[in-house]
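Hello,

Here is the structure I promised to pass on. Please open it alongside this note and follow the residues as you read.

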Amino acid sequence: MEEFSKIRFESDYQEGCHPKVLERICKSNLEQTSGYGVDYHCENAANLIRNLIAKPEAQIFFLTGGTQANAAVIKHLLKPYEGVICASSGHINVHESGAIEATGHKVIALENSNGLLKPELLRNYLENFYSDPTFDHMVQPGLVYISQPSECGTIYSSYSSMAQD
């Protein structure tokens, strides 16, 4: 059986890592560090990020997983009365056990085409939302969440190719 015969996209925790990543993990496996973001590996990674963004004063914090990262970023970006739009098959809607809604933000799931949100579907949703005279009493759309690749393994390429599907 081929080693990588099937790749699953619904969670990054279901796949192994690239052999080069595993090789580096093995090299540091027996190192004793404090972890939790205060070891020299995290400090080195933080310095690399600061250099890449040209912000030596930036505070860099590491999270332990995608769910925590999604919840933290979405909570930070949205106002209390806003929600996040995603494909109904989107990870934040299906596989994160209510983590986003636990922060007080509604997940607004829309139909999708093989995991992809189509621009015209999003446009129609927004036009219908804002044409309702009572929209200010509903959860406001504040952010669109997309996964690349989608949980179905499909890829967003460009507006023109997405619009033709």
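The largest cavity is lined by C86, A87, S89, G90, G115, L117, Y145, I146, S147, S150, E151 and Y156. About 60 Å³ of space lies inside this cavity. The count of cavities of 30 Å³ or more comes to one. Please keep in mind that this is a predicted model.

One of the lining residues is S147. Where does S147 lie? S147 is in the loop between strand 3 (140-144) and helix 7 (159-164). Is S147 buried or exposed? Its relative accessibility is 13%, and the cut-off for buried is under 20%, so S147 counts as buried. The side chain of S147 makes a polar contact of 2.9 Å with the side chain of E151. Both S147 and E151 are among the residues that line the largest cavity. S147 and I92 are 55 residues apart along the chain, and their C-alpha atoms are separated by 9.6 Å.

Now the sheet. It is open, has three strands in the order 2-1-3, and its pairing is parallel. Strand 2 (107-110) and strand 3 are the edge strands, and each pairs on one side only. On average, neighbouring strands of this sheet are turned by 40° against each other, direction ignored. Helix 6 (residues 119-131) packs on the sheet and touches strand 1, strand 2 and strand 3. The direction of helix 6 makes about 160° with that of strand 3.

As general background, strands of a sheet pair through backbone hydrogen bonds, either parallel or antiparallel. Here, strand 1 (residues 82-87) pairs with strand 3 in the parallel sense, over four bridges. In strand 3, P141 stands opposite G83.

P141 deserves a look of its own. P141 lies in strand 3. Its relative accessibility is 12%, which is under 20%, so P141 counts as buried. Which residues is P141 in contact with, leaving aside its neighbours within four places in sequence? They are G83, I85, I108, Y125, L126, F129 and Y130. P141 and E82 are 59 residues apart along the chain, yet their C-alpha atoms are separated by 5.6 Å.

For your first look, two places to centre the view are S147, which is among the residues lining the largest cavity, and P141, which lies in strand 3.

Best wishes

Note on methods: Residues numbered from 1 in each chain as written. Predicted model: local features only at pLDDT ≥ 70, side-chain atom pairs only at ≥ 80, totals over all residues. Heavy atoms only, no water. Helix = DSSP H or I, 4+ residues; strand = E, 2+ residues; numbered from the N terminus. Buried < 20%, exposed > 50% of the residue type's maximum accessible area, 1.4 Å probe, protein only. Polar contact = N/O pair within 3.5 Å; in protein donor to acceptor, adjacent residues only side chain to side chain. Pairing = 2+ DSSP bridges. Axes fitted to C-alpha atoms, helices over the stretch in contact; angles between N-to-C directions. Contact = heavy atoms within 4.5 Å. 1 Å grid on protein atoms, 1.4 Å probe; cavity = no way out; pocket = protein on both sides within 12 Å on 5 of 7 lines; lining within 4 Å. Points joined across faces, edges and corners; volume = space filled by probe spheres on them.
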